[in-house]
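Please consider the following protein chain and how its parts are arranged.

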Amino acid sequence: MSRFCGKAVAATTVACIWICAAGADSGARVSWIPEEPEQGDALVVDVRLDKETSSLGGRFIDRDLIFFPWGEGAWRAFAPIPVGARVGDRELVVEIELENGTKKRSSETVRVKAHDFDESHLSVDPKFIQPPDEERERIRRERRMIREAFSESADERLWRYPFVRSAEGRRTGRFGTRRLFNGELRSRHMGLDLDGSPGDPILAMSDGRVVLVHHLYYAGKAVFIDHGHEMFTVYFHLQDFEVEVGDEVSAGQRIGTIGATGRVTGPHLHLGVRLQGRYVNPESFLELDIGPDPKARR
Ligand SMILES: [Zn+2]
């Protein structure tokens, strides 16, 4: 159960479900967006409270819900649905502790639908299929570096809604696509590819802090941003960097330019969104409709 405090201003209208048949006296309603999420989506969990609460927590598909305030008496959390999540009914648990010490537990059923992931065949430089021996140590070192970058996140919400599309170009690669490189290496595409020409600007998807800027073997020149509450965005294959580790960035700020570094077939931006250790579909953020953000622009 995570503690919280503070007041915010706006509220949003969503279809609501009372927290449990006999528990309506808790004055809490739980709902979620989208109503029937798909594999790889970020689920938005909404809790509306009429009474003072001392703590609020919950769980969905093996992850604790991290709630943040969203208007008067309203709380939200993002829950990552794995690409390989079992399809069907999944339990969403919300636990509330009222100021008088009364505890309420809500159990709802969220139907997770199958996402129709496509398949693509790509040709890349063979060194990205079978890395030369002298690069193995570099790749191992970079894996550790990436793990480290994801290991700490601000314990407050740094991001702001709406999210900014990081490049103007059309979508050239969908999230979750099964890929076959040079007819042999199978992998899953854990981001969204956006078309562009070398030198085109890349914008931060939201406010956050830069936690890694490095030329990686597979991802090429890459920028990693922490948005707080274990939400990160990653930007791969850049031509040039325009930020450094430790920089505070705001939504829409330039962080670099489109390039073709790393394992690519041509210039583009690979945008990844990682939530509590799971990559989710960036389009489920860019298309999200959750009303005005009560957090004032800094
Ligand atoms: Zn990509």
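The paragraphs below treat the overall fold, the nonpolar core and one helix with a strand residue beside it.

This is a predicted model, in which local features need pLDDT of at least 70 and side-chain atom pairs count only at pLDDT 80 or more, while totals for chains, interfaces and linings use all residues. Residues are numbered from 1 along each chain as its sequence is written.

The protein chain holds 2 helices and 23 strands (DSSP runs numbered from the N terminus, with at least four residues of H or I for a helix and at least two of E for a strand). Of its 298 residues, 37% are buried; a buried residue has 20 or more other C-beta atoms within 10 Å of its own, an exposed one 12 or fewer, and a partly exposed one falls in between, with C-beta atoms placed from the backbone.

The largest nonpolar core (buried Ala, Val, Leu, Ile, Met, Phe, Trp, Tyr and Cys residues joined through C-beta atoms within 7 Å) has 63 residues, of which Leu43, Val45, Ala222, Val223 and Tyr235 touch the most other members. Strand E19 (residues 231-241) supplies its largest share, 6 residues. Because domain 1 (2-112) and domain 2 (119-286) both contribute residues, this core lies between them; the domain bounds come from an automatic or database domain assignment.

Helix H1 (residues 133-151) is hardly covered, with 1 buried residue among its 19 residues. Leu212 belongs to strand E17 (residues 208-216) and counts as partly exposed because it has 19 C-beta neighbours inside 10 Å. Leu212 and Ile146 are 66 residues apart in sequence, yet 7.8 Å apart in space, C-alpha to C-alpha.
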